[in-house]
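Trainee: I am new to this structure and would be grateful for a close look at a single part of it. Could you please take me through one helix and the elements around it, step by step?

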Amino acid sequence: MARVWLDVPFAEKDEAKALGARWDPAAKRWFAPRAGLPGLDRWAALPDLPPLLPGEDREFGSGLFVDLVPRSCWFTNVRSCVAPRDWERLRRMVTGRAGQRCEACGRGEDRGRRRWLEAHERWEYDEARAVQRLRRLVCLCTDCHTVTHFGLAELNGRRAAALAHLRSVTGMSAAGAESHVRSAFALWRERSARVWDLDLHMLTGAGVTVVAPPPAVERERTAWQTARGQRAARLPLPLPSPGPQPPGRRCPRRPRHRR
């Protein structure tokens, strides 16, 4: 009997497995071994997304670089604006079209090294209208993703590892990598001085339902509290960029390196 493909979000995989779902390591996807298994219909597969989203530019933002989103958009990424099953469709499409390889360094997943593949956003900033527009989704491995969110790496004490990986992939010198990081933070400070609206028409045009994010001030407050709590616990943070703060608070200082 033919298997039935499922769209199971990562957070729900144990529940799906308990109901009889199985994992296909080659396809990297969950499936029901037969139709009609009770409880699995909630994850019935949605239609596959096209390999190129409407208006997407796969050459936009190529390579590996530090890419810090403005403070008003912290912890508000594509994953937080779509339903978990839609995110699973997006992630599967992005990693699949990349051949299960990181589009920055070319490496694949390695469970032993805890290296995974993730879908990451590339944004275009319309300065005149203060709009942050999604232009591309790119497949990045854990190490390249850490470099991209360099502020998060600093918050987690992973600055040296992120800097070393940036140099390894790009061929930058030590001085060049440090200069690149400084320039990225300078641009972040400039963009964080204003509030940006998100433009996710690239997703809605593909039939993905987008949920409007909370107001910018609320996003900042929630993100700051989350980042501060996780920093205190020394736990790895989720996806996006360094944790923000409410208006009027200074940015957290970078951790000092003792000699």
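Mentor: The account below begins with one helix, H7, and then turns to its surroundings.

The model is a predicted one. Helix H7 covers residues 174-191. For its 18 residues, a rise of 1.5 Å a residue gives an expected span of 26 Å, and the end C-alpha atoms are indeed 26 Å apart, so the two values agree. The buried residues of H7 are Ala 177, Val 181, Ala 184, Phe 185, Trp 188 and Arg 191. Viewed down the axis of H7, these buried residues lie within an arc of 125°, and therefore they line one face of the helix. The face turned away from that buried side carries Ala 175 and Glu 190, which are exposed.

A general point helps in reading such a pattern. An α-helix has 3.6 residues a turn, so residues three or four places apart point the same way.

Two of the buried residues of H7 deserve particular attention. Phe 185 and Trp 188 are three residues apart in H7, which means that about one helical turn separates them. Their rings form an aromatic pair of the edge-to-face kind, with 6.2 Å from centre to centre and 80° between the planes. The structure holds four aromatic pairs. Phe 185 has a relative accessible area of 7% and is buried. Trp 188 likewise counts as buried, at 7% relative accessibility.

Against what does this buried face rest? The buried residues of H7 pack against strand S4, helix H5 (150-155) and helix H6 (159-170). Of these neighbours, H6 and S4 will be taken in turn.

Helix H6 has twelve residues. From its first C-alpha to its last, H6 reaches 16 Å, close to the 16 Å expected at 1.5 Å a residue. Within H6, the residues Arg 159, Ala 162, Leu 163, His 165 and Leu 166 are buried. Down the axis of H6 these buried residues fall within an arc of 160°, so they too line one face of their helix. On the other side of H6, Ala 160, Ala 161 and Ser 168 are exposed. The buried residues of H6 pack against helix H4 (142-148), H5 and H7. H5 is thus named among the contacts of H7 and also among those of H6. After H6 comes Gly 171, which has a positive phi near 80°.

The other neighbour to consider is strand S4, residues 117-126. Seven of its ten residues are buried, and S4 is therefore largely enclosed by the rest of the structure. S4 pairs with strand S5 (residues 131-141) in the antiparallel sense, over ten bridges. Together S4 and S5 form a hairpin with four residues between them. In the turn of this hairpin, Ala 130 has a positive phi of about 55°. Leu 117 stands opposite Cys 141 in S5, while Glu 121 has Leu 137 of S5 as its bridge partner.

S5 is mostly covered, with ten of its eleven residues buried. Strand S6 (residues 197-199) is joined to S5 by three bridges, and these two strands run parallel. One bridge partner in S6 is Asp 199, which is matched with Arg 133. In general, the strands of a sheet pair through backbone hydrogen bonds, either parallel or antiparallel.

Cys 141, already met opposite Leu 117, leads to a last question. Is this cysteine buried or exposed? With 0% relative accessibility, Cys 141 counts as buried. The closest cysteine sulfur to that of Cys 141 belongs to Cys 105 and lies 3.7 Å away, which is too far for a bond. A disulfide would require the two sulfur atoms to be within 2.5 Å. By this rule the count of disulfides is zero, and Cys 105 is in no disulfide. Cys 105 is partly exposed, with a relative accessible area of 25%.

In summary, the buried residues of H7 line one face of the helix, and they pack against S4, H5 and H6. S4 in turn is paired with S5, and S5 is joined to S6.

Terms used. Residues are numbered from 1 along each chain as its sequence is written. This is a predicted model: local features need pLDDT of at least 70, side-chain atom pairs count only at pLDDT 80 or more; totals for chains, interfaces and linings use all residues. Side-chain values use heavy atoms; hydrogens and water are left out. Buried means under 20% relative accessible area, exposed over 50%, partly exposed in between (1.4 Å probe, protein chains only). Two strands pair if DSSP finds at least two bridges between them. The expected span of a helix is 1.5 Å times one less than its number of residues. The arc is that of the directions from the helix axis to the C-beta atoms. Contact means heavy atoms within 4.5 Å. Rings of Phe, Tyr and Trp (its six-membered ring) pair if their centres lie within 6.5 Å; planes under 30 degrees apart count as stacked, over 60 as edge-to-face and the rest as tilted.
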